[in-house]
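User: Can you walk me through this one, taking the annotated positions and then the helix packing?

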Amino acid sequence: MKATCAPENALQAVLLDLDGTLLDTLPDLAAAANAMRRELGMPELAYELIGTFIGKGVDNLVRRTLSGQLTTEAIPEDDFNRARSVFYRHYTELNGQACTFYPGVLEGIKAFAGMGIRLGVVTNKPTVFTLPLLERTGLAEHMSVVVCGDTCERRKPDPDQFLLACNKLSAAPAATLAIGDSINDALAARAAGCTVLAVPYGYNEGEPVGNLPVDGIVESIMEASVWASNRFTGRFTASGTTG
Ligand SMILES: O=C(O)COP(=O)(O)O
Ligand SMILES: [Mg+2]
(Lines give C-alpha, C1' and ligand atoms only; values in the text may rest on other atoms or scores of the structure.)
(Ligands and ions follow the chains in the order given, each with its own letter.)
Protein backbone atom coordinates (compact mmCIF):
# COMPACT_ATOMS: atom_id res chain seq x y z
CA MET A 1 0.00 0.00 0.00
CA LYS A 2 1.57 3.29 -1.10
CA ALA A 3 0.26 5.63 1.55
CA THR A 4 3.09 8.01 0.67
CA CYS A 5 1.46 8.57 -2.75
CA ALA A 6 -1.50 10.21 -1.06
CA PRO A 7 -1.53 14.00 -1.22
CA GLU A 8 -1.10 15.96 1.98
CA ASN A 9 -4.26 15.92 4.10
CA ALA A 10 -5.72 12.99 2.17
CA LEU A 11 -8.21 10.75 3.91
CA GLN A 12 -7.03 7.15 3.85
CA ALA A 13 -9.47 5.23 6.05
CA VAL A 14 -12.67 5.54 8.07
CA LEU A 15 -13.12 3.49 11.25
CA LEU A 16 -16.67 3.09 12.50
CA ASP A 17 -18.01 2.16 15.90
CA LEU A 18 -20.76 -0.46 15.77
CA ASP A 19 -23.30 -0.27 18.65
CA GLY A 20 -24.94 3.14 18.74
CA THR A 21 -23.23 4.38 15.57
CA LEU A 22 -24.05 1.96 12.73
CA LEU A 23 -26.73 -0.12 14.43
CA ASP A 24 -29.30 0.47 17.15
CA THR A 25 -28.57 -2.77 18.99
CA LEU A 26 -30.39 -1.76 22.18
CA PRO A 27 -33.53 -3.84 21.45
CA ASP A 28 -31.50 -7.07 21.31
CA LEU A 29 -29.08 -6.16 24.12
CA ALA A 30 -31.91 -5.06 26.42
CA ALA A 31 -33.94 -8.18 25.65
CA ALA A 32 -30.95 -10.38 26.49
CA ALA A 33 -30.15 -8.35 29.63
CA ASN A 34 -33.72 -8.65 30.88
CA ALA A 35 -33.90 -12.34 29.96
CA MET A 36 -30.77 -12.78 32.09
CA ARG A 37 -32.34 -10.91 35.01
CA ARG A 38 -35.58 -12.91 34.76
CA GLU A 39 -33.66 -16.18 34.74
CA LEU A 40 -31.75 -15.05 37.84
CA GLY A 41 -35.02 -14.14 39.60
CA MET A 42 -34.53 -10.39 39.31
CA PRO A 43 -37.07 -7.80 38.05
CA GLU A 44 -36.61 -6.36 34.56
CA LEU A 45 -34.97 -2.98 33.98
CA ALA A 46 -36.15 -0.15 31.70
CA TYR A 47 -34.70 -0.25 28.16
CA GLU A 48 -33.46 3.34 28.51
CA LEU A 49 -31.44 2.44 31.61
CA ILE A 50 -29.89 -0.57 29.89
CA GLY A 51 -28.97 1.77 27.01
CA THR A 52 -26.70 3.69 29.38
CA PHE A 53 -24.87 0.42 30.22
CA ILE A 54 -23.63 -0.08 26.62
CA GLY A 55 -20.17 1.03 25.53
CA LYS A 56 -17.49 -0.64 27.62
CA GLY A 57 -18.03 -4.17 26.35
CA VAL A 58 -20.36 -7.03 27.23
CA ASP A 59 -18.71 -7.94 30.54
CA ASN A 60 -19.38 -4.43 31.81
CA LEU A 61 -22.92 -4.59 30.46
CA VAL A 62 -23.46 -7.80 32.45
CA ARG A 63 -21.99 -6.26 35.62
CA ARG A 64 -24.09 -3.11 35.24
CA THR A 65 -27.22 -5.14 34.47
CA LEU A 66 -26.65 -7.21 37.62
CA SER A 67 -26.19 -4.08 39.75
CA GLY A 68 -28.98 -2.15 38.02
CA GLN A 69 -26.70 0.89 37.83
CA LEU A 70 -23.80 2.35 35.87
CA THR A 71 -21.22 2.21 38.64
CA THR A 72 -21.08 -1.32 39.90
CA GLU A 73 -20.14 -2.52 43.35
CA ALA A 74 -17.88 -5.55 43.54
CA ILE A 75 -19.82 -8.58 42.30
CA PRO A 76 -18.70 -12.02 43.56
CA GLU A 77 -16.86 -13.79 40.72
CA ASP A 78 -19.16 -16.84 40.74
CA ASP A 79 -22.29 -14.67 40.45
CA PHE A 80 -20.73 -12.73 37.60
CA ASN A 81 -19.65 -15.85 35.70
CA ARG A 82 -23.10 -17.41 36.02
CA ALA A 83 -24.83 -14.21 34.87
CA ARG A 84 -22.37 -13.83 32.01
CA SER A 85 -23.04 -17.30 30.66
CA VAL A 86 -26.83 -16.73 30.90
CA PHE A 87 -26.44 -13.43 29.03
CA TYR A 88 -24.25 -15.04 26.36
CA ARG A 89 -26.83 -17.78 25.76
CA HIS A 90 -29.68 -15.29 25.33
CA TYR A 91 -27.74 -12.77 23.27
CA THR A 92 -26.44 -15.48 20.94
CA GLU A 93 -30.12 -16.12 20.09
CA LEU A 94 -31.23 -12.49 19.96
CA ASN A 95 -28.20 -10.80 18.34
CA GLY A 96 -29.39 -9.13 15.13
CA GLN A 97 -33.09 -9.99 15.56
CA ALA A 98 -34.53 -6.56 16.32
CA CYS A 99 -31.60 -4.18 15.74
CA THR A 100 -31.93 -1.53 13.03
CA PHE A 101 -29.70 0.72 10.95
CA TYR A 102 -29.62 4.37 11.93
CA PRO A 103 -30.68 6.75 9.14
CA GLY A 104 -27.90 7.64 6.70
CA VAL A 105 -25.61 4.71 7.57
CA LEU A 106 -25.78 2.82 4.30
CA GLU A 107 -25.77 6.04 2.26
CA GLY A 108 -22.71 7.25 4.16
CA ILE A 109 -20.88 3.95 3.73
CA LYS A 110 -21.55 4.09 -0.01
CA ALA A 111 -20.39 7.72 -0.18
CA PHE A 112 -17.08 6.89 1.55
CA ALA A 113 -16.61 3.81 -0.62
CA GLY A 114 -17.30 5.97 -3.67
CA MET A 115 -14.39 8.21 -2.64
CA GLY A 116 -12.14 5.13 -2.70
CA ILE A 117 -11.75 5.17 1.08
CA ARG A 118 -11.43 1.91 2.95
CA LEU A 119 -13.72 1.27 5.89
CA GLY A 120 -13.40 -0.69 9.09
CA VAL A 121 -15.29 -1.44 12.29
CA VAL A 122 -13.71 -0.85 15.70
CA THR A 123 -16.08 -2.11 18.39
CA ASN A 124 -15.96 -3.13 22.04
CA LYS A 125 -18.37 -5.97 21.22
CA PRO A 126 -16.65 -9.38 21.48
CA THR A 127 -15.76 -11.16 18.21
CA VAL A 128 -18.29 -13.96 18.83
CA PHE A 129 -21.15 -11.43 18.58
CA THR A 130 -19.62 -8.92 16.16
CA LEU A 131 -18.88 -11.15 13.18
CA PRO A 132 -22.33 -12.83 13.01
CA LEU A 133 -24.00 -9.41 13.40
CA LEU A 134 -21.95 -7.90 10.56
CA GLU A 135 -22.88 -10.88 8.38
CA ARG A 136 -26.58 -10.79 9.27
CA THR A 137 -26.89 -7.07 8.55
CA GLY A 138 -24.84 -7.17 5.34
CA LEU A 139 -22.27 -4.77 6.79
CA ALA A 140 -19.45 -7.31 6.55
CA GLU A 141 -18.99 -6.91 2.81
CA HIS A 142 -18.22 -3.18 3.19
CA MET A 143 -15.53 -3.60 5.84
CA SER A 144 -11.83 -4.12 5.08
CA VAL A 145 -10.96 -4.64 8.74
CA VAL A 146 -12.87 -5.52 11.91
CA VAL A 147 -11.31 -5.05 15.35
CA CYS A 148 -13.41 -6.30 18.26
CA GLY A 149 -13.42 -5.84 22.03
CA ASP A 150 -11.36 -8.97 22.56
CA THR A 151 -8.95 -8.54 19.64
CA CYS A 152 -6.36 -6.51 21.58
CA GLU A 153 -5.29 -6.72 25.18
CA ARG A 154 -7.00 -3.40 25.94
CA ARG A 155 -10.34 -2.09 24.64
CA LYS A 156 -11.57 1.43 23.94
CA PRO A 157 -11.04 3.97 25.63
CA ASP A 158 -7.44 2.74 25.14
CA PRO A 159 -6.07 3.38 21.63
CA ASP A 160 -4.82 -0.15 20.78
CA GLN A 161 -7.77 -1.17 18.57
CA PHE A 162 -7.52 1.96 16.42
CA LEU A 163 -3.76 1.57 16.04
CA LEU A 164 -4.20 -2.05 14.97
CA ALA A 165 -6.96 -1.18 12.49
CA CYS A 166 -4.82 1.61 10.94
CA ASN A 167 -1.90 -0.76 10.74
CA LYS A 168 -3.97 -3.45 9.00
CA LEU A 169 -5.21 -0.89 6.46
CA SER A 170 -1.73 0.65 6.02
CA ALA A 171 -3.34 3.97 6.90
CA ALA A 172 -1.65 6.68 8.95
CA PRO A 173 -3.71 7.49 12.08
CA ALA A 174 -3.48 11.20 11.14
CA ALA A 175 -5.14 10.35 7.80
CA THR A 176 -7.85 8.25 9.45
CA LEU A 177 -11.30 9.40 10.50
CA ALA A 178 -12.99 7.63 13.42
CA ILE A 179 -16.74 7.96 13.95
CA GLY A 180 -18.40 6.88 17.19
CA ASP A 181 -21.17 7.56 19.68
CA SER A 182 -19.36 7.61 23.00
CA ILE A 183 -16.57 8.83 25.24
CA ASN A 184 -14.85 5.48 24.67
CA ASP A 185 -14.53 6.11 20.92
CA ALA A 186 -13.51 9.74 21.41
CA LEU A 187 -10.73 9.00 23.92
CA ALA A 188 -9.42 5.93 22.09
CA ALA A 189 -9.37 7.46 18.61
CA ARG A 190 -7.87 10.72 19.83
CA ALA A 191 -5.14 8.88 21.74
CA ALA A 192 -4.37 6.94 18.55
CA GLY A 193 -3.98 10.22 16.65
CA CYS A 194 -7.10 9.96 14.45
CA THR A 195 -9.54 12.71 13.56
CA VAL A 196 -12.78 11.98 15.45
CA LEU A 197 -16.45 12.67 14.83
CA ALA A 198 -19.35 11.84 17.15
CA VAL A 199 -22.96 11.06 16.31
CA PRO A 200 -25.56 12.23 18.85
CA TYR A 201 -28.09 9.40 18.53
CA GLY A 202 -26.19 6.54 20.20
CA TYR A 203 -25.61 5.57 23.81
CA ASN A 204 -22.65 7.47 25.38
CA GLU A 205 -23.44 6.05 28.82
CA GLY A 206 -26.39 8.39 29.29
CA GLU A 207 -24.45 11.63 28.68
CA PRO A 208 -24.97 14.11 25.82
CA VAL A 209 -22.17 14.09 23.22
CA GLY A 210 -21.70 17.88 23.36
CA ASN A 211 -18.75 17.72 25.76
CA LEU A 212 -16.84 14.92 24.05
CA PRO A 213 -13.26 15.68 22.93
CA VAL A 214 -14.02 15.34 19.20
CA ASP A 215 -13.40 17.34 16.03
CA GLY A 216 -17.07 17.60 15.22
CA ILE A 217 -20.57 16.25 15.78
CA VAL A 218 -22.53 15.04 12.76
CA GLU A 219 -26.14 13.92 12.57
CA SER A 220 -25.41 10.85 10.47
CA ILE A 221 -22.71 8.82 8.72
CA MET A 222 -23.89 10.44 5.47
CA GLU A 223 -23.25 13.87 7.00
CA ALA A 224 -19.83 12.60 8.13
CA SER A 225 -18.95 11.84 4.49
CA VAL A 226 -19.80 15.43 3.53
CA TRP A 227 -17.81 16.76 6.52
CA ALA A 228 -14.84 14.61 5.47
CA SER A 229 -14.92 15.74 1.85
CA ASN A 230 -14.71 19.35 3.06
CA ARG A 231 -12.08 18.71 5.72
CA PHE A 232 -9.70 16.50 3.76
CA THR A 233 -8.32 17.93 0.53
CA GLY A 234 -7.19 14.77 -1.24
CA ARG A 235 -8.64 11.33 -1.52
CA PHE A 236 -6.77 8.11 -1.40
CA THR A 237 -7.55 4.98 -3.37
CA ALA A 238 -6.15 1.51 -2.92
CA SER A 239 -3.99 1.90 -6.04
CA GLY A 240 -2.43 5.06 -4.65
CA THR A 241 -4.11 7.40 -7.14
CA THR A 242 -6.00 10.42 -5.98
CA GLY A 243 -9.23 12.05 -7.06
O1 LIG B 1 -20.07 -3.68 23.38
C2 LIG B 1 -20.21 -2.50 23.75
O3 LIG B 1 -20.24 -2.17 24.94
C4 LIG B 1 -20.33 -1.39 22.74
O5 LIG B 1 -19.80 -1.66 21.50
P6 LIG B 1 -19.33 -0.45 20.55
O7 LIG B 1 -17.89 -0.22 20.85
O8 LIG B 1 -19.59 -0.98 19.15
O9 LIG B 1 -20.19 0.74 20.85
MG1 LIG C 1 -20.84 2.66 20.46
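Here is a run of questions and answers on this predicted model.

User: Which residues does the UniProt annotation "binding site" cover, and what is the largest C-alpha distance among them?
Analyst: The annotation comes from an unreviewed UniProt entry and covers D17, D19 and D181. They're spread over 165 residues of sequence, yet they cluster in space. The largest C-alpha distance is 8.2 Å.

User: Which residue carries the "active site" annotation, and where is that residue found?
Analyst: That label is also from an unreviewed UniProt entry, and it covers D17, a residue listed under "binding site" too. As for its place, D17 is found in the loop between β2 and β3.

User: Is D17 buried or exposed?
Analyst: The cut-off for buried is 20 or more other C-beta atoms within 10 Å. D17 has 28 of them, so it counts as buried.

User: Which residues does D17 touch once you skip those up to four places away in sequence?
Analyst: One partner is D181, which shares the "binding site" annotation with D17. D181 itself sits in the loop between β7 (176-180) and α8 (183-192). The full set for D17 is V122, T123, I179, G180, D181 and D185.

User: What about D19: where is its place, and is D19 buried or exposed?
Analyst: D19 is in the loop between β2 (13-16) and β3 (23-24), and D17 is in the loop between those strands as well. Beyond four places in sequence, D19 is in contact with T25, I54, T123, K125 and Y203. With 27 other C-beta atoms within 10 Å, D19 is buried.

User: How many other C-beta atoms does D181 have within 10 Å, and which residues is D181 in contact with?
Analyst: The count is 26, so D181 is buried. Leaving aside neighbours within four places in sequence, its contacts are D17, G20, T21, A198, V199, G202, Y203 and N204.

User: Where is K156, and which residues does K156 touch?
Analyst: K156 is in the loop between β6 (145-147) and α7. It has 30 C-beta neighbours inside 10 Å, so K156 counts as buried. Not counting residues up to four places away in sequence, K156 touches N124, Q161, N184, D185 and A188.

User: How do α7 and α8 pack: at what angle, and with which handedness?
Analyst: Helix α7 (residues 160-169) and α8 have axes 8 Å apart and pack at about 55 degrees. That angle makes α7 oblique to α8. The crossing is right-handed.

User: Which residues make that contact between α7 and α8, and how many are nonpolar, polar and charged?
Analyst: α7 supplies Q161, F162, L163 and C166, while α8 supplies A188, A189 and A192. Q161 and A188 are also among the residues that K156 touches. By class, the α7–α8 contact has six nonpolar, one polar and no charged residues.

User: And α1 with α4: at what angle do they cross, and with which handedness?
Analyst: The axes of α1 (residues 26-39) and α4 (residues 77-94) come within 8 Å and cross at roughly 140 degrees. Antiparallel would need an angle over 145, so α1 is oblique to α4. The crossing of α1 past α4 is right-handed.

User: Which residues meet there, and how many are nonpolar, polar and charged?
Analyst: From α1 come D28, A31, A32, A33, A35, M36 and E39. They meet A83, V86, F87, H90, Y91 and L94 in α4. By class, that makes ten nonpolar, one polar and two charged residues.

Key:
Residues numbered from 1 in each chain as written. Chains lettered and ligands numbered in written order. Predicted model: local features only at pLDDT ≥ 70, side-chain atom pairs only at ≥ 80, totals over all residues. UniProt positions renumbered as here; feature names shortened; annotations may be inferred. Helix = DSSP H or I, 4+ residues; strand = E, 2+ residues; numbered from the N terminus. Buried ≥ 20, exposed ≤ 12 C-beta atoms within 10 Å, placed from the backbone. Contact = placed C-beta atoms within 7 Å. Axes fitted to C-alpha atoms, helices over the stretch in contact; angles between N-to-C directions. Parallel < 35°, antiparallel > 145°, perpendicular 65-115°, else oblique. Left-handed = near helix turned anticlockwise from the far one by under 90°. Nonpolar A, V, L, I, M, F, W, Y, C, P; charged D, E, K, R; others polar.
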